[in-house]
Amino acid sequence: MRRGLITAPSRFILILMLASAATVSGCTQQPVPGSAGHARVASAGYDASVAQAAARSVLTTSAASLRQGWYLFRIQQRLVAGCMKDLGLRYITASAGPEPPAQATTAVVAGSSRPATYGVSVAGTQRDAEPAEDQYVAGLPPARRTSYTEALSGSPRAVGTLTLPGRLIAGYETGGCVGAARRAVFGTVRMQALDALFPQAVNRGFVAFLASSQAYLSALRSWQRCMAAAGWHLASPQAAIQGIEALAAKTGTSPTELSTRQAQAAGADAVCDARSGLRMRLAGALAEFVRTLPRPELLQLQRIYVSHQKAVRIASHDLSL
């Protein structure tokens, strides 16, 4: 799914852990509506087609949504650092890495860049195993570490809970500078938690739905055969991207080596996707799945969509970074 606004050492506390939906990684990309579209989605009343369109957009990982996540991550890092500085405390911001390319290919959306790319870069993946902020906090004396983490994340008692689809319960921290940053961007900490966690829970259902979609499974097998004929023995587009990310994270990988290998993999993927119709089938399966969602889930996804677009506008207009 889209990158959340989680800063170390503050994390969402999953009381019941969410299962991974990496095989679909956000499903299909839907165009992000302009201002008129936002107004229509936010208008009073229930329109099933509008709610379904908003849901499909939320259940999406694309080049556009990755760029949105990049903006949101950067602004939270800046806000947390500023808040901690006001308290006389140090905070080491984490790099968001290079801005994701606008036309990159994702696991579920075929991009239009030439040469083809997944948008993976050496600079975006080769980082220290332990973030500098975590190292700094770990090195503080115990008493000071406690006061520092409370300033950052709030009291351990300042925790909210969400009930998610699939009867999952999630806890999230509400206090400290992290909570203040989330409120500044999303209006409430709860809304940011919903933005990060609710779509993941819904996507668990889509994973199960895909397992019974014969049209999708047939296209996937066709894609696998096409890729194997090109010398790429991979289970899915997600596996192709993960392989490139592993290469980028490998010590000693040069930008030239990564770029060449990535263009080859993404190029073969594009050809095989066009031949198999894999991403088109995935889009169809998502639309069918969304139509099966209960109205309360659709309404929640619609609210998340509206809130997310507002947050992105706040983040993208922050030009001081």
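A residue is called buried here when its relative accessible area is under 20%, exposed when that area is over 50%, and partly exposed in between. By this criterion, buried residues make up 48% of the 321 residues in the protein chain. The model is a predicted one, and its chain is built from 13 helices and 3 strands. If one takes the contacts between residues at least 6 apart in sequence, 77% of them join residues that are at least 24 apart.

The covalent cross-links offer a convenient way into the fold. A disulfide is a covalent bond between the sulfur atoms of two cysteines. Searching the whole structure gives 2 disulfides, and, when the bonded cysteines are counted along the chain, their pattern is 1-2, 3-4.

One of these links is formed by cysteine 83 and cysteine 177, whose sulfur atoms lie 2.1 Å apart. The angle about the S-S bond is -70 degrees, and the link between cysteine 83 and cysteine 177 is left-handed. Because cysteine 83 belongs to helix H3 (residues 63-86) and cysteine 177 to helix H7 (residues 176-186), this pair ties together parts that are 94 residues apart in sequence. The two ends of the link differ in their surroundings: cysteine 83, with a relative accessibility of 23%, counts as partly exposed, whereas cysteine 177, at 1%, counts as buried.

The other link joins cysteine 226 to cysteine 272, with an S to S distance of 2.1 Å. Here the angle about the S-S bond is -80 degrees, and the link of cysteine 226 and cysteine 272 is likewise left-handed. Cysteine 226 sits in helix H9 (residues 214-229) and cysteine 272 in helix H11 (residues 255-276), so this disulfide ties together parts that are 46 residues apart in sequence. Both cysteine 226 and cysteine 272 are buried.

From the cross-links we turn to the nonpolar interior. The largest nonpolar core holds 69 residues, and those that touch the most other members are Tyr118, Leu164, Phe206, Phe289, Val290 and Leu301. Helix H8 (residues 189-210) gives the most to this core, contributing 12 residues. For tyrosine 118, once its neighbours within four places in sequence are left aside, the residues in contact are Ala104, Thr105, Ala240, Ile241, Ile244, Gln262, Ala265, Ala266 and Asp269. Apart from the largest core lies another, of 13 residues, which includes Val80, Tyr91, Ala151 and Cys177.

Helix H3, which carries cysteine 83, also packs against helix H13 (residues 295-316), at an angle of about 65 degrees and with the two axes 9 Å apart. The crossing in which H3 passes H13 is left-handed. On the H3 side the contact is made by Gln68, Tyr71, Leu72 and Ile75, which meet His308, Gln309, Ala311, Val312, Ile314, Ala315 and Ser316 in H13. The residues of this contact between H3 and H13 divide into 7 nonpolar and 4 polar, with no charged ones.

A last stop is the loop between helix H2 (48-58) and H3, where serine 62 lies. With a relative accessibility of 1%, serine 62 counts as buried. The C-alpha atom of serine 62 is separated by 5.7 Å from that of threonine 106, although the two residues are 44 residues apart along the chain.

Key:
Residues numbered from 1 in each chain as written. Predicted model: local features only at pLDDT ≥ 70, side-chain atom pairs only at ≥ 80, totals over all residues. Heavy atoms only, no water. Disulfide = S-S within 2.5 Å. Helix = DSSP H or I, 4+ residues; strand = E, 2+ residues; numbered from the N terminus. Buried < 20%, exposed > 50% of the residue type's maximum accessible area, 1.4 Å probe, protein only. Core = buried A, V, L, I, M, F, W, Y, C linked by side-chain atoms within 4.5 Å. Contact = heavy atoms within 4.5 Å. Axes fitted to C-alpha atoms, helices over the stretch in contact; angles between N-to-C directions. Left-handed = near helix turned anticlockwise from the far one by under 90°. Nonpolar A, V, L, I, M, F, W, Y, C, P; charged D, E, K, R; others polar.
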